Amino acid sequence: MVKRELKNSVSEEETALDVANENGKRPIQSSNKDGPKRMKTKSLYRQPTAAELNRLQETENLFNSNLFRLQVEEVLQEVKVKEKTVKRFQEWYNILKSHLISIPEDVKEYDLTEKAFEKHLKVKLPVTNEIRKSKVIFRFHKFTDVEIVGSYMLGCSIDSKLVIDLQITVPAETYTKNDSVNYKYHLKRAAYLAYIASHLRKLESIEEIKYTYLHNCSTKPLIHVKPNGKLGNHLSVHINLVCDSDTYKLHRFSPTRNNLRESWLLSVEQQEGADVGPPTPHYNSSVLTDLTAAENQTFLNETLVNKENLKQAIILLKIWVRQRKLQVSGHVMSMLIAYLVQMKRINNIMSSYQIVRNVWIYLKSSEWDTKGISLHKGQDTPSMEEFHTHFPIVFLDRSGYYNVCWQMCKGTYFALRRESGLAVDMLDNGKINSFIPLFMTPVSILMQFDHILKFKNFPKLKQAILDRAPKSSKVNYGLDQLALVTDTLYDLLSKGLGERAHLILQIVEEEFSWPVTKTVNNAKKNGYVENLSFGFILDAVNAISVVDRGPPANLPDAELFRAFWGDKSELRRFQDGAITEACVWDARALAERRAVPRQLVNYLLALKYDIPSTELYHICSQLDELTARKSAGGQQMEESALAVLQAFDELRRDLRALSQLPLDISAVYGISPVFSYCEPFPALGINLDRNPRRRANASLIKELHNAKLPEYTPVNKAIVELSHSGKWPGELDAFRCLKAAFHLQIAERLSSQHALPAHAYPAHVDVLRNGLVFRLQVAHPKEITLVRREVERGVVRHKESEESAALQCDTVLMPRLRGALHGLHQKHPAFGPAVCLFVRWLSCQLLGDHWPRSVSELLVGAVFTLPAPLQPPAQPAAALYRALKLLATTDWSTHMLAIDFNDDMSREDITELERKFAGRENQTPYLFIATAYDGPQPSVWSRRSPTKQVVLRTQLVARGTLDYLEKALLVDMVDSILPAFVPSLSGYDVLIYLQKRLVPHCTERLDAAQSSLAEEAVVDDVIPVVEFHPVDRYLDELRSAYGEFALFFHDRYGGDVIAVLWKPDVKEIKEFQTLNANALEQVSVGGETKYRVNKEAIVEDFQILGDGLVKEVIINK
């Protein structure tokens, strides 16, 4: 929300004049007419004018909200081409046009198979050598005009990266009747373009001139011009060639006609009497683009003239497409708007918001892949069925012959349709400001896809596909080989992945441009690499299936299934009695099942094209080793957590079955992170100490000199609720004594009734079940009330304190939050592993201790509950990337997160939270994350930490991590990205190195080797030493003694270094004060005795306090 300052109707100067003097009278008004004048405050309370009422009604009827309207108007104003730029371009265009019109006609004829033409022009033809096989005689016929076309002409252009299209119509006499076949038309077109380029080189108002491709089509070059001076910083110009509509009859390029001979393309001799060849709709469309350009441009001009709302809608749609990096041109979106106007689905009376919404609603339910659309109204053109036979996507223009989407892959259309559905859902969600995710949030490749497939040796794969492609496909695509490879791979991947993927989208590299003085082949040798990759948005449920079930064995489809899958296909009998063909993939653990799509793609490419898996690069499971337990043979975190939950369910049944208790146990709630699969290292349920030092049912730490340090054993905390009773004491001490008695009673009944080792403490009960330790704590709301209670002068008051807030969080709010997070993991299985990755990343960057665990979980939870403009991720690595992006790019001083797990929050609740967020004092809490389970204090989980300084530091590290991941994954294609989890120690003042053997989880470090569990007899009748973390104890002492002087950072998951950062005020010279005399030393300043912090002595204390644990202390200089 935009926060505006509320201004008074009267200025401060006027207020000063109105104050009465000492006699109670107002001062005499100054006769100075130039002084401040009193404003008419009545204007604030007057009735709204008719214009204002009309605008309010328009907003209510035509826009989502008043804020949405303001944002739309602001962004349209922002992307509008500036008047100064328009004026400069018009002047530049007039010069360019005059220069081009002055090009004289050339009566000389040139053979384009020879190099004499290029030597004459001193520029190269923008085509490859393959096109120049046929003898073509070219003569330059003078053109008559240079037109401005495209979005700039229509008034739908965007100021950012502005490209203005100029169009030159080549005279019909340039081409002969036979030039329509075998790329002769394209060769003459390229020669005409080169002729123009040679004359443009002489123009001083041009800074740079290059060749580039129209929509990445290698047979359709155009001229890219950069104007000189300031204009070149704002825009570039594309000069494209089209042919006169009278050059050829359109029916010559029907989708069933052949215009590219197989004998010419494949260099084979054509047999006498043979057919001309298979249809070439792809080739035909490359010519039709030029033949129909003028007609379609005229149609768009007529449709959009003086219709500002339609133009604004096109601009918004272009912004939306650009933010999602969809390969859909602005021309297609303009033609779609024109089609919907023609179908009377939209009109200019609608607001831009209504038009855009209707476009999305239409696209959401469109079926261009099976039921194409046409702007042609007659019946004298090829049927729609003919087009669907030869094109994956069909959208016909005014002529009825040209398919506007002839270059569009199915993946692009499905992505457009899917994004339209998401856009409508965002507009219908009243709880979010949908403008931001729709138009202002760019979507990167790593954010958008769960799984990305890249090729290390794309030329080899391309050649393998071309060698195996049928002749009909080769002839159809001609020299546009990349399109053939893209469509072939898409068909293979979509058939193989099936229901595992919601979307498969091809990702083509940036456009290619080169100097006009170089040939295409030479330009490509200078670092140009043709690349193609695919992104998969996976179905979280189907993607992890290990069985692909085929048709029954007795049906004809079974033969096709076996032919596609090869040896992987086998007959299997299923539980429902059906015997069908099936493919079974090797995966047991959940992490392996998440990688089944990788296994499937590797198999298909090896089977069909002999591409080994070593030449494929998958971005999906690079971080799986961080969620595996190295000391347990690579056991995944989810498996360990599931064992804890199963043991907890058994313990919960035992507790509810306890008898002879004063009050029955009504409920037991788990509150540790493991109960929502958010613990990186859950307890394994083993105790390798075969000779423990016992006290009752618990173990003690051995005090022998050579005693082995006990393994770190975490406890799994749970809250026990008892049935209702009004007999609880009204004094806090008595209440806690009674609670301790309940703990004793529960421990005794568990031991006697279920033979479970249990040990009672005043604040909790430790119980051993299946080798796992559970810590039970009896909770009652009355205890919170007693903690808040204060008595002042005989008056009882209830005041919130840090102790009462912590108690409420642990006993009342945390069970609710943990249940919601558990439900989130059940709905999105990638949530738990993603939290573990994020917690590991924080800890590896030495920031884990400064981020409460619940805040980390909620931040990752926001990726799944507030995924706009995307859908929740299906892979943990993708979720981690999004969480880092959310953390790094959000301005937390002005933005908050309202996480609604189960639709418990209304729009009014969120508005109230926004009001509290805006009114909080001193920006505390800085990281404001609210849920429906926060109680009376919103963002209760981040009330104390992380602090602003910690958040800013974390954002800085997150940005560095994101930059590294993008380069490592998308450019370098490295197999290990663990360096993203290695911290930099250069910015810290003191480094305390620890003895590795005394550091818990040292076997889980990034550089540790994997080991298997020891096959030793374990002791399961005594509770092991729990929660013994020597480094945590040492850190507690350091923070208690020196927290006012320094901050301490540590990786609690095996880190052997503690980084110390001095606070800024330790360098200050201080006066002596008895209350603050700690750690000071005398210094002489100007002859006076002053005091400052003795950092050297504190560093010595670090070594003394950590005697035996600390290896060395190093001061960074």
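**Close-up 1. E147 and its partner across β3 and β4.** In this predicted model, E147 stands opposite Q167 in β4. The two strands, β3 and β4, run antiparallel and are joined by 4 bridges. Strands here are DSSP runs of E, at least two residues long, and helices are runs of H or I, at least four residues long, both numbered from the N terminus. Two strands count as paired if DSSP finds at least two bridges between them. Residues are numbered from 1 along each chain as its sequence is written, and side-chain values use heavy atoms, with hydrogens and water left out. Local features need pLDDT of at least 70 and side-chain atom pairs count only at pLDDT 80 or more, while totals for chains, interfaces and linings use all residues.

**Close-up 2. The mixed sheet around β4, β6 and β7.** Stepping back from E147, you find an open sheet of 6 strands in the order β3-β4-β7-β6-β5-β12, with mixed pairing. Its edge strands are β3 (146-149) and β12 (513-515), each pairing on one side only. Neighbouring strands are turned by 35 degrees against each other on average, direction ignored; axes are lines fitted to C-alpha atoms (for helices, over the stretch in contact), and angles run from 0 to 180 degrees between N-to-C directions. Inside the sheet, β4 and β7 run parallel and share 9 bridges, and L166 stands opposite I239 in β7. Strands β6 (residues 217-227) and β7 (residues 235-243), by contrast, pair in the antiparallel sense over 3 bridges. There, H224 stands opposite H238 in β7.

**Close-up 3. Helix α4 on the mixed sheet.** Helix α4 (residues 83-101) packs on this sheet, touching β3, β4 (162-170), β5 (206-214), β6 and β7. Contact means heavy atoms within 4.5 Å. The direction of α4 makes about 150 degrees with that of β3.

**Close-up 4. Q297 and the residues it touches.** Look for Q297 in helix α11 (residues 293-304). Is Q297 buried or exposed? Q297 has a relative accessible area of 12%, so this residue is buried (under 20% is buried, over 50% exposed and in between partly exposed, with a 1.4 Å probe and protein chains only). Leaving aside residues up to four places away in sequence, Q297 touches V149, G150, M153 and L154.

**Close-up 5. Where α3 crosses α12.** The axes of helix α3 (residues 66-79) and helix α12 (residues 308-323) come within 11 Å and cross at roughly 85 degrees. The two helices are therefore roughly perpendicular to each other (65 to 115 degrees; under 35 is roughly parallel, over 145 roughly antiparallel and the rest oblique). From α3, V72, V75, L76 and V79 meet Q312, I315, L316 and I319 in α12. By class, this contact has 7 nonpolar, 1 polar and no charged residues. Nonpolar covers Ala, Val, Leu, Ile, Met, Phe, Trp, Tyr, Cys and Pro, charged covers Asp, Glu, Lys and Arg, and the others, Gly among them, are polar.

**Close-up 6. The antiparallel sheet and helix α35.** Further along the chain, 4 strands form an open sheet in the order β32-β33-β31-β36, with antiparallel pairing. The edge strands are β32 (1046-1050) and β36 (1110-1115), each pairing on one side only. Neighbouring strands of this sheet are turned by 20 degrees against each other on average, direction ignored. Strand β31 (residues 990-994) is joined by 4 bridges to strand β33 (residues 1057-1062), and I992 stands opposite I1058 in β33. Helix α35 (residues 1030-1042) lies across β31, β32, β33 and β36, running at about 170 degrees to β32.
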